[in-house]
Amino acid sequence: MTHQDLTGKKALVTGGASGIGLATVTMLAERGAQVAINHLEGDPAGAEQVARLTKAGLNVISAPGNVAEPGTAEAMVEKTIAKMGGLDYLVNNAGISGTKDPIPPSNLDEITEELWQALLTTNLISVFRISKAAAGALKASGGAIVNTASTSGVGLQGSSTPYAATKSGVVSVTRSLARGLAPDVRVNAVAPGQVATPWTADWPQERKQMALDKSLIKRHVQPEDVAELITFLLTGAAMITGQTIVIDGGMTLS
Ligand code: NAD
């Protein structure tokens with residue numbers, strides 16, 4: 001299949017040095033776009049991935065900065081837009097679970113104020129914060145945004161009550177931003193089920209098997225599967241906005 005040539009397009013992917021973000025960076029850059037990889041300041045994966053992808057002939061740059069921190073996040077966006085000379089595509093993908101093991105909804109005592117605050121600012125408010133900082137450049141280019149939600153944002157349990165709430169929030173903010181930035185900028189979200197990334201790598205085998213058993217397609221969702229959907233929503237999908245697309249191999253249907 002011939003893919004759309006994205007030469008001349010400029011993209012920013014948050015949490016772009018790992019998993020779904022990295023697969024998206026790679027796909028956009030392989031199609032010719034210049035891609036800024038956002039990563040945490042001290043995360044060695046940022047420089048490693050920029051060096052690896054640059055060596056492979058792709059046009060990527062580093063965009064360090066914590067999306068959870070007001071001020072830092074906006075400065076990262078502004079610097080990146082200035083460096084690239086504009087912005088066509090934004091992927092709000094950085095996220096955390098905030099907990100090593102899932103916290104069952106019945107275990108209210110384990111859900112702390114600190115966990116709520118960390119998840120809210122990292123997974124939810126960051127989506128608005130980054131989009132707000134990028135809105136002017138995206139409007140100027142007639143660009144698009146894709147946010148990474150989760151099946152826990154559309155009804156599944158997820159790793160904790162606050163995690164699921166932040167991802168439901170991403171679904172809601174996606175709709176509001178689509179309204180707010182129309183007609184210039186389309187805004188959509190993807191809602192992955194369990195994806196084979198560093199995020200899930202250490203999960204117990206039985207938790208991974210459970211997802212596989214429930215999958216109708218009978219294989220684990222790969223980061224490249226999600227990247228393909230994100231790329232479609234960014235670069236095609238001319239009449240799709242405000243939507244959240246579930247990508248889980250049919251897991252939520254079974
Ligand atoms: P990952 O851990 O491989 O990648 C997430 C990246 O985000 C990491 O590089 C991390 O350092 C970065 N990050 C975290 N907090 C940040 C911050 N404050 N500022 C900048 N960068 C930050 O995980 P992944 O599976 O690729 O997850 C990507 C997104 O997909 C997340 O939003 C996650 O909630 C969502 N998601 C993942 C799954 C899954 O099963 N893997 C399922 C549903 C949704």
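**Notes on the empty spaces and the ligand site**

1. Let me start with a small one: the second largest cavity is lined by T14, N92, N93, A94, T122, N123, S126, V127 and I130. It holds about 30 Å³ of space. Helix α4, residues 113-141, gives the most to this lining, with five residues. By class the lining has three nonpolar and six polar residues, and no charged ones. Keep in mind throughout that this is a predicted model.

2. How many cavities of 30 Å³ or more does the structure hold? There are two. The largest cavity has a volume of about 70 Å³. Around it you'll find G193, Q194, A211, L212, S215, R219, H220, V221, D248 and M251. That lining splits into four nonpolar, four polar and two charged residues, whereas the second largest cavity has no charged residues in its lining.

3. Now for the open spaces. The largest pocket has a volume of about 1,300 Å³. It is lined by 49 residues, and Y163, T197, W199, T200 and W203 are the closest to its centre. The elements that give two or more residues to the lining are α1, β2 (34-39), α5, α6 and α7. Of these, α7 has the largest share, with five residues. Sorted by class, the lining comes out as 22 nonpolar, 22 polar and five charged residues.

4. Where does the ligand sit? In the largest pocket. The elements that give two or more residues to the shell around the ligand are α1 (19-30), α5 (161-181) and α6 (198-201). Here α6 gives the most, with three residues, while for the lining of the pocket the largest share comes from α7.

5. Who are the ligand's neighbours? There are 29 residues around the ligand, and S18, N66, Y163, V195 and T197 come nearest. The shell is made up of 12 nonpolar, 15 polar and two charged residues. Y163 and T197 are worth a second look, as both are also among the residues closest to the centre of the largest pocket.

6. On to the polar contacts. Y163 has a polar side-chain atom 2.7 Å from an oxygen atom of the ligand. V195 uses its backbone instead: an N or O atom there lies 2.8 Å from an oxygen atom of the ligand. At V67, a polar backbone atom is 3.1 Å from a nitrogen atom of the ligand. On its own the ligand has 830 Å² of accessible area, and the protein covers 91% of that.

7. The second largest pocket has about 280 Å³ of space. Its lining counts 13 residues, with T99, K100, W199, D202 and W203 the closest to its centre. W199 and W203 turn up in the central group of the largest pocket too. By class, the lining of the second largest pocket has five nonpolar, four polar and four charged residues.

8. Last, a few backbone spots to check by eye. A182 and P183 are joined by a cis peptide bond, with omega about 0°; P183 is in the loop between α5 and β6 (186-192). K218 has a positive phi, near 65°, and isn't a glycine; look for K218 in the loop between α7 (205-214) and α8 (223-235). A237 is another non-glycine with a positive phi, near 50°, and A237 lies in the loop between α8 and β7 (244-247).

Terms used:
Residues numbered from 1 in each chain as written. Predicted model: local features only at pLDDT ≥ 70, side-chain atom pairs only at ≥ 80, totals over all residues. Heavy atoms only, no water. Near = heavy atom within 4 Å. Polar contact = N/O pair within 3.5 Å; in protein donor to acceptor, adjacent residues only side chain to side chain. Areas by Shrake-Rupley, 256 points an atom, 1.4 Å probe, with all protein chains shown as cover. 1 Å grid on protein atoms, 1.4 Å probe; cavity = no way out; pocket = protein on both sides within 12 Å on 5 of 7 lines; lining within 4 Å. Sits in = over half its atoms within 2 Å of the grid points. Helix = DSSP H or I, 4+ residues; strand = E, 2+ residues; numbered from the N terminus. Nonpolar A, V, L, I, M, F, W, Y, C, P; charged D, E, K, R; others polar. Points joined across faces, edges and corners; volume = space filled by probe spheres on them.
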